[in-house]
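Subject: The structure I promised you

Hi,

Here is the structure I said I would pass on. Have a look at it, and then read my notes underneath.

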Amino acid sequence: MSTISLEPKTLVAENNQVVNESVNFLNHDHSVSSWLLSLDHKRIGILYLVTITLMFLLGGILAGVVRLELLTPKGDFVASDTYNKSFTAHGIIMLFFFLIPSIPAVLGNFVIPLMIGAKDVAFPRLNLLSYYLYLIGGVIALTALLLGGVDTGWTFYTPFSSTYSNSYVSVMAIGLFVVGFSSILTGLNFIITIHRMRCPGLTWFRLPLFIWALYATSVVQLLGTPVIAVTLGLMVVERTLGVGIFDPRLGGDPVLFQHLFWFYSHPAVYIMILPSLGVISEVIATFSRKNLFGYKIMAFSSVSIAVFGFIVWAHHMFTTGMSPYAAMVFSLLTFSVAIPSGIKVFSWLATMYNGSISYETPMIYAFGFLGLFTVGGLTGLFLATLGTDIHLHDTYFVVAHFHYIMVGGAIMGYMAGIHYWWPKITGKLYSQFWGRLSAGIIFIGFNLTFFPQFFLGYLGMPRRYHEYPDEFQVLNVFSTAGSSILAIGYIMPLFYFGHSFFFGEKADDNVYGATTIDWTSTTSPPSPHNFEKTPVVTEEPYHFRLKESAVVSH
Amino acid sequence: MSATNELVKDAGHAHHHKDLAHHFDTLEQQHDANLLGMWAFLLTEVLFFGGLFAAYTIYRYKYSAVFEEASNHLDIKLGALNTVILILSSLTMALAVRCSQTGNGLWTGNWLVLTMVFGFAFLGVKSMEWGHDYKVRLMPGKDFFWWQYAKAAKDMHTHGGGHELPDMKNVKSDTNPELGVKGRQESEQARLFYLLYFCMTSLHALHMIVGFGIITIITYYAYKGAYSPDYYSPVENIGLYWHFVDIVWIFLFPLLYLLGAHLVH
């Protein structure tokens with residue numbers, strides 16, 4: 001078998017002797033059941049990868065419907081009802097079936113045991129069960145869409161969802177209930193894995209930051225998701241029995257629904273963004289060839305983002321007439337999320353400063369992430385401010401802001417991660433040219449799509465309407481044009497990854513010369529049980545300085 | 001845990017204990033992981049019930065007078081009986097866990113069976129209560145609820161001592177305009193109490209039913225002698241789960257049954 005090399009290597013693979021005939025997790029069994037019933041975390045990760053990619057395509061098509069409708073001021077492409085159902089389906093699919101499982105369920109599943117020197121996650125059967133719960137939840141949700149869709153928006157605000165909507169709200173809620181349990185069980189599995197399965201010598205402060213980020217994410221999944229489950233459950237009860245738990249006509253309180261809903265759904269934003277922050281830390285350290293700046297504070301900032309995430313939810317509700325004193329506290333707390341986020345951005349910049357930066361595809365995605373996440377974060381401050389939020393609430397400014405976080409942040413991080421670990425997952429190299437090009441196209445297309453929406457929102461264009469006044473058309477045309485560029489950027493990886501998988505050059509075990517044990521101690525692709533010998537960790541995760549102490553960077 | 005544990009460092013050449021899954025190094029690591037997993041799951045459950053408790057708190061604060069009165073329509077004696085039954089089932093569960101730790105398969109199984117017997121007794125009493133609630137129209141559905149009627153029934157229970165239901169002709173329906181806005185609002189608020197009561201108690205009962213399924217499987221393995229001082233985490237985990245379900249009831253009983261007890265006389 002291969003010897004483990006700790007020496008940095010260039011990406012250009014000269015002669016790869018390593019994995020030619022060796023048994024790895026991809027080729028040790030080719031039967032269908034060995035994939036569909038696999039307890040191997042790596043194979044389950046790939047099952048997720050295939051499924052969420054299909055969901056991403058579906059969600060993207062629905063986004064296309066929305067953008068095409070908004071190309072012209074009149075509602076001429078689809079009827080208003082279809083429009084409502086399109087953006088609802090877009091939101092539900094992208095959030096619950098793509099973004100939330102994206103990095104944790106695909107990359108987390110694949111990478112966590114490799115990064116902590118374990119043979120598998122703590123509960124492999126539970127891991128497979130999570131996947132099938134996700135799949136069942138997805139089938140129920142798609143059934144709801146095929147029956148006729150849901151028109152409430154992904155937020156399911158009562159009493160519209162519980163009393164007035166004539167669409168398939170209950171079916172959809174059941175689907176989300178099921179997929180929620182998939183998310184809870186994945187989070188639970190990761191927490192126990194990180195607590196109990198670390199290899200000898202791997203102390204908490206030797207964990208790669210991707211693990212810290214996923215740990216924080218898992219805590220949010222574990223604590224937040226049950227609340228949305230019970231909230232959607234109560235909404236379905238209200239809808240079926242005709243009782244008034246959230247209906248003001250019957251003594252209920254619709255604002256209570258919003259509190260319970262956002263108690264999960266705000267932290268859910270951190271379920272999406274935190275894993276990305278972790279990926280970016282790995283990528284930036286590796287391609288700057290430097291120890292990550294401020295490792296401990298980076299670890300704690302992930303945890304504190306998770307904690308802050310739970311106490312800021314009411315900033316979604318400043319216009320509901322809640323107590324102004326409570327609103328002030330929530331506004332202040334929301335501002336304080338900027339502290340750990342800012343720490344992260346500056347730590348990445350400090351890591352890159354004087355680093356020996358190489359411009360591989362994951363790094364280009366990480367650059368895109370830095371710009372977009374910063375814009376998304378800073379525009380969040382406009383919305384956390386009580387006065388400006390009254391003006392901007394429910395406008396396209398909000399739409400632009402959260403797309404900068406969720407697409408510009410979370411999906412850029414996901415793309416960076418997929419490109420970063422692709423050689424590890426498949427053992428193949430992909431075309432750097434096409435990879436860099438797709439990263440560039442996505443960055444340009446994204447900004448063209450969403451930057452005009454800040455202006456639209458500021459000028460007063462509300463979200464969720466399928467018609468708008470004529471003067472908004474120019475900016476909307478920019479936005480729709482941008483979205484088609486964005487679509488090209490997202491489709492390109494399917495081709496060059498497909499090419500790489502079948503015809504790509506063999507990748508080295510540690511193509512980038514990274515220092516975490518997923519790269520240094522496993523083959524590419526890893527063997528079915530990950531490690532030939534349980535690794536023993538003696539150093540911090542990013543020890544480029546130790547390896548290259550001769551390099552003086554001044 | 002025990003002296004028979006071996007440290008298995010090298011996966012390639014290890015002689016694994018029969019109860020040790022391939023991805024763990026030691027039995028102790030496996031036991032710790034299993035237990036921590038259950039604790040994390042119970043944390044999730046706390047928040048799952050937490051949504052309902054939050055809703056309860058809000059409405060009890062908003063409609064405290066009606067909630068207290070509505071609470072008086074539940075039977076405290078049956079609720080107290082159920083509390084005792086459930087605590088007894090926790091005792092037998094604790095004994096089952098103890099027996100599994102000493103490797104006594106027969107008594108592990110026996111105590112688990114007894115736990116289920118108590119659990120069924122609890123659900124039996126509970127379904128009697130629900131049946132009674134259905135009869136006096138306390139089910140919080142669209143048409144079933146008749147608060148004024150329930151009030152009259154309660155009145156007879158407390159003062160008349162009789163258990164027959166009051167004559168329906170003398171009772172105004174909740175939609176009767178003569179009751180006025182206040183009467184109708186009161187009826188809606190009481191319905192919220194019963195909605196929460198049914199949601200919370202039926203979610204609790206659902207957890208018990210899931211528990212029965214798991215206990216049955218574990219009982220089977222216990223009689224087969226699957227548990228030993230080296231490996232008993234399934235029994236300990238179902239024990240934790242069962243105690244959690246018990247504790248939920250310990251909170252539900254005062255919140256739902258004892259809330260308005262001082263108004264009885």
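Below is what I found, starting with chain B and ending with a few backbone oddities.

One thing before the details: this is a predicted model, and every value here is computed from it.

**Chain B and how chain A meets it**

Chain B is the quick one to describe. It has seven helices and zero strands, so to speak a plain α-α-α-α-α-α-α when you read along the sequence. Of its 265 residues, 37% count as buried. If you take the contacts in chain B with a separation of 6 or more, residues 24 or more positions apart account for 74% of them.

Where the two chains meet, 34 residues of chain A are in contact with 32 residues of chain B. On the chain A side, helix 6 (169-196), helix 7 (209-241) and helix 8 (254-288) each supply at least two residues. Which of the helices gives the most to that side? That would be helix 7 of chain A, with nine residues. By class, the side of chain A that touches chain B divides into 21 nonpolar, eight polar and five charged residues.

**Two helix pairs in chain A**

Two packed helices are described by the angle between their axes and the distance between the axes. I picked out two pairs in chain A for you.

Start with helix 2 (residues 41-69) and helix 3 (residues 80-116) of chain A. Their axes come within 8 Å and cross at roughly 155°. An angle over 145 degrees counts as roughly antiparallel, and therefore helix 2 of chain A and helix 3 of chain A are roughly antiparallel to each other. The contact between helix 2 and helix 3 of chain A is made up of 23 nonpolar, seven polar and two charged residues. As for handedness, the crossing of helix 2 and helix 3 of chain A is left-handed.

Then look at helix 12 (residues 361-384) and helix 14 of chain A. They pack at an angle of about 160°, with their axes 8 Å apart. That angle makes helix 12 of chain A roughly antiparallel to helix 14 of chain A. The crossing of helix 12 and helix 14 of chain A is left-handed. In the contact of helix 12 with helix 14 of chain A there are 15 nonpolar and 10 polar residues, but no charged ones.

**A residue on helix 14**

While you have helix 14 of chain A (residues 396-426) on screen, find Met406(A), which is part of that helix. Is Met406(A) buried or partly exposed? Met406(A) has 19 other C-beta atoms within 10 Å, and a residue needs 20 or more to be buried, so Met406(A) is partly exposed. Apart from its neighbours within four places in sequence, Met406(A) is in contact with Leu99(A) and Met272(A). Tyr270(A) is worth finding too: Met406(A) and Tyr270(A) are 136 residues apart in sequence, but their C-alpha atoms are 9.6 Å apart in space.

**The largest nonpolar core**

In soluble globular proteins, nonpolar side chains tend to be buried together. Here, the largest nonpolar core has 238 residues. The members that touch the most other members are Ile211(A), Ala366(A), Ala416(A) and Leu196(B). Take Ile211(A) as an example: leaving aside its neighbours within four places in sequence, Ile211(A) is in contact with Ile112(A), Met115(A), Ile116(A) and Ile194(A).

**Backbone oddities**

Most residues other than glycine have a negative phi, and most peptide bonds are trans. Chain A has some exceptions for you to check.

- Thr158(A) and Pro159(A) are joined by a cis peptide bond, with omega about -5°. Pro159(A) sits in the loop between helix 4 (124-147) and helix 5 (160-164) of chain A.
- Ser524(A) and Pro525(A) are also joined by a cis peptide bond, with omega about -10°. Look for Pro525(A) in the loop between helix 17 (517-520) and helix 18 (544-547) of chain A.
- Arg289(A) is not a glycine, but has a positive phi of about 50°. Arg289(A) lies in the loop between helix 8 and helix 9 (295-309) of chain A, and is buried, with 23 other C-beta atoms within 10 Å.
- Asn530(A) is another residue other than glycine with a positive phi, near 75°. You will find Asn530(A) in the loop between helix 17 and helix 18 of chain A. Why does Asn530(A) count as buried? Because Asn530(A) has 25 C-beta neighbours inside 10 Å.

Happy browsing!

Technical notes: Residues numbered from 1 in each chain as written. Chains lettered and ligands numbered in written order. Predicted model: local features only at pLDDT ≥ 70, side-chain atom pairs only at ≥ 80, totals over all residues. Axes fitted to C-alpha atoms, helices over the stretch in contact; angles between N-to-C directions. Helix = DSSP H or I, 4+ residues; strand = E, 2+ residues; numbered from the N terminus. Parallel < 35°, antiparallel > 145°, perpendicular 65-115°, else oblique. Left-handed = near helix turned anticlockwise from the far one by under 90°. Nonpolar A, V, L, I, M, F, W, Y, C, P; charged D, E, K, R; others polar. Buried ≥ 20, exposed ≤ 12 C-beta atoms within 10 Å, placed from the backbone. Contact = placed C-beta atoms within 7 Å. Core = buried A, V, L, I, M, F, W, Y, C linked by C-beta atoms within 7 Å.
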